[in-house]
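Biologist: Got a minute to walk me through this model? I'd like to begin with one residue pair and work outwards.

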Amino acid sequence: MIRDLTDDEARRGLVLKWGTTDPDVIPAWVAEMDYALAPPVAAALHDAIEAGITGYPRFETEGGVLGEAYAGWASRQFGHRVDPEQVVPVVDVTAGVRVALDVLSEPGPMVMPGPAYSPQLDVAQVTGRERVDLLLDPDAPRAEIDLDSLDQAFADGARTLLLTQPHNPWGRVFTRTELEGIRDVVVRHGARVISDEIHAPLVLAGAEHVPYLSIEGTADHAVAVVAASKAFNTAGLRCAQIVSADTATHRRLTDVPMVRNDSWSPLGVIAAVAAYTDGDAWLDALRVRLSSQRDLLARLLAQHLPEARMRPLEATYLAWIDLRAYGHDDPAAVALERGRVQLAAGHDYQPGLTGHVRLNIATSPERLTEIVHRLATALTPGTTSNS
Ligand SMILES: Cc1ncc(COP(=O)(O)O)c(C=O)c1O
């Protein structure tokens with residue numbers, strides 16, 4: 001069910017990931033997948049173009065087909081009951097985070113566990129807030145949010161936690177117990193949570209996503225920002241959703257002037273509804289493929305880059321790899337120059353961090369194998385990586 005794009009198809013279709021690299025470079029950086037669109041999503045989009053749906057979307061900020069489709073999806077995928085009326089469209093997830101911050105949060109600093117999804121490193125600042133980093137110790141055996149540091153950040157005046165779960169680039173799926181621990185700290189300080197759950201559909205074999213809003217006692221202090229776009233490769237279609245579980249919060253989100261939130265696209269809505277309604281089987285196949293890519297990566301690293309360190313990848317198709325043992329400050333730059341493979345540099349996710357890369361495994365097994373061979377050859381010149 002998962003069809004690999006050929007190089008030519010990928011170069012034509014994925015205009016950022018493939019279209020901006022030289023022809024001899026294999027791209028494994030930005031979070032897009034080298035797979036053909038899910039057939040139900042492609043069919044819905046074809047029909048929409050055929051029907052000429054290229055004008056403004058319906059400016060419904062609550063419920064509608066999108067709300068119903070998301071509520072059905074959340075119930076089937078996560079066993080989570082969502083009120084369809086409390087699903088608000090927004091242009092993309094990062095914009096949703098910004099709107100939630102602007103509209104719902106007090107002006108104090110925003111806490112952000114890091115390393116973190118790079119464009120969101122600036123979201124606090126553009127809303128006039130300070131960012132407080134909760135940085136992961138690169139040597140920590142497990143990637144966890146340190147509750148004492150979170151408590152201290154709130155005690156020092158922070159008012160919002162930007163929770164990314166599952167986390168990019170940590171690859172973690174936070175457990176119910178961890179989320180309850182976070183809730184307890186947040187409630188103690190009367191703070192807010194914005195839970196970016198864009199990677200929720202991309203939980204791999206062995207883990208289970210728990211929506212933050214499904215934890216008791218979170219409805220009055222949290223919203224989730226969700227989208228089908230990451231799991232279904234439709235980021236360019238521009239549609240995400242802010243989900244609330246509390247009428248007052250919902251009212252605050254919808255009582256905003258139109259200029260604050262009016263940029264989602266009708267094709268994005270159509271793709272999201274198709275994915276949420278008819279995408280389950282394709283997504284199951286995708287998760288099987290990605291789980292097997294994850295296992296392949298572990299084998300390849302063990303064989304060709306045995307000093308690489310990687311915590312278990314529980315979700316996302318973005319592997320966070322510690323390559324400090326190979327002695328390069330910027331291994332992504334070395335990989336591009338000597339290996340002709342483009343990874344994302346660790347310092348993009350945590351300014352100043354050396355020796356780390358993020359590698360996108362959502363490609364074919366053959367390409368992933370070649371990517372690791374090239375990386376190994378680039379980082380350890382003189383040793384031959386047996387392909
Ligand atoms: C955690 C996280 N949030 C948001 C995004 C981007 O979403 P959008 O393009 O809808 O802002 C990404 C992209 O990979 C991400 O990893």
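Modeller: Sure, and keep in mind that this is a predicted model. Let's begin with threonine 164, which stands opposite aspartate 196 in E6.

Biologist: OK, how do E5 and E6 pair, and over how many bridges?

Modeller: E5 and E6 run parallel, and their pairing covers 5 bridges. Together with helix H7 (residues 176-188), E5 and E6 form a right-handed β-α-β unit.

Biologist: Which strand pairs with E5 over 2 bridges?

Modeller: That's strand E3 (residues 110-114), and the sense is parallel. There, methionine 110 sits opposite threonine 160 in E5.

Biologist: Is E5 enclosed or open to the outside?

Modeller: Strand E5 (residues 160-164) is largely enclosed by the rest of the structure, because 5 of its 5 residues are buried.

Biologist: Which way do the E5 residues point?

Modeller: Thr160, Leu162 and Thr164 point one way, Leu161 and Leu163 the other, and all are buried. That fits the general pattern: in a regular strand, side chains alternate between the two faces of the sheet.

Biologist: Zooming out, what's the strand order in the sheet?

Modeller: The order is E2-E8-E7-E6-E5-E3-E4, an open sheet of 7 strands with mixed pairing. Strand E2 (87-90) and strand E4 (131-135) are the edges, each pairing on one side only. On average, neighbouring strands of this sheet are turned by 25 degrees against each other, direction ignored.

Biologist: And what about E6 and E7, how do they pair?

Modeller: Strand E6 (residues 192-196) and strand E7 (residues 222-226) are parallel over 4 bridges. Isoleucine 194 faces valine 223 in E7 as an opposite pair.

Biologist: Switching to helices: how far does H12 reach?

Modeller: Helix H12 (residues 365-379) has 15 residues and spans 21 Å from its first C-alpha to its last, close to the 21 Å expected.

Biologist: Why is H12 described as largely enclosed?

Modeller: Because 11 of its 15 residues are buried. Among them are Arg367, His373 and Arg374, along with Leu368 and Ile371.

Biologist: What do those buried residues pack against?

Modeller: The buried residues of H12 pack against strands E1 (26-27), E10 (341-342) and E12 (356-360), and also helices H10 (280-304) and H11 (331-339).

Biologist: Last one, what's the overall picture?

Modeller: The protein has 12 helices and 12 strands. Its radius of gyration is 21 Å, close to the 21 Å from the globule rule for 387 residues, so it's as compact as a globular protein of that length. Of the 387 residues, 50% count as buried.

Technical notes. Residues are numbered from 1 along each chain as its sequence is written. This is a predicted model: local features need pLDDT of at least 70, side-chain atom pairs count only at pLDDT 80 or more; totals for chains, interfaces and linings use all residues. Two strands pair if DSSP finds at least two bridges between them. Axes are lines fitted to C-alpha atoms, for helices over the stretch in contact, and angles run from 0 to 180 degrees between N-to-C directions. The expected span of a helix is 1.5 Å times one less than its number of residues. A residue is buried if 20 or more other C-beta atoms lie within 10 Å of its own, exposed if 12 or fewer, and partly exposed in between; C-beta atoms are placed from the backbone. Two residues are in contact if their C-beta atoms, placed from the backbone, lie within 7 Å. The radius of gyration is taken over C-alpha atoms; the globule rule is 2.2 Å times the number of residues to the power 0.38. A crossover is right-handed if, with the strands pointing away from the viewer, the path from the first strand over the helix to the second runs clockwise.
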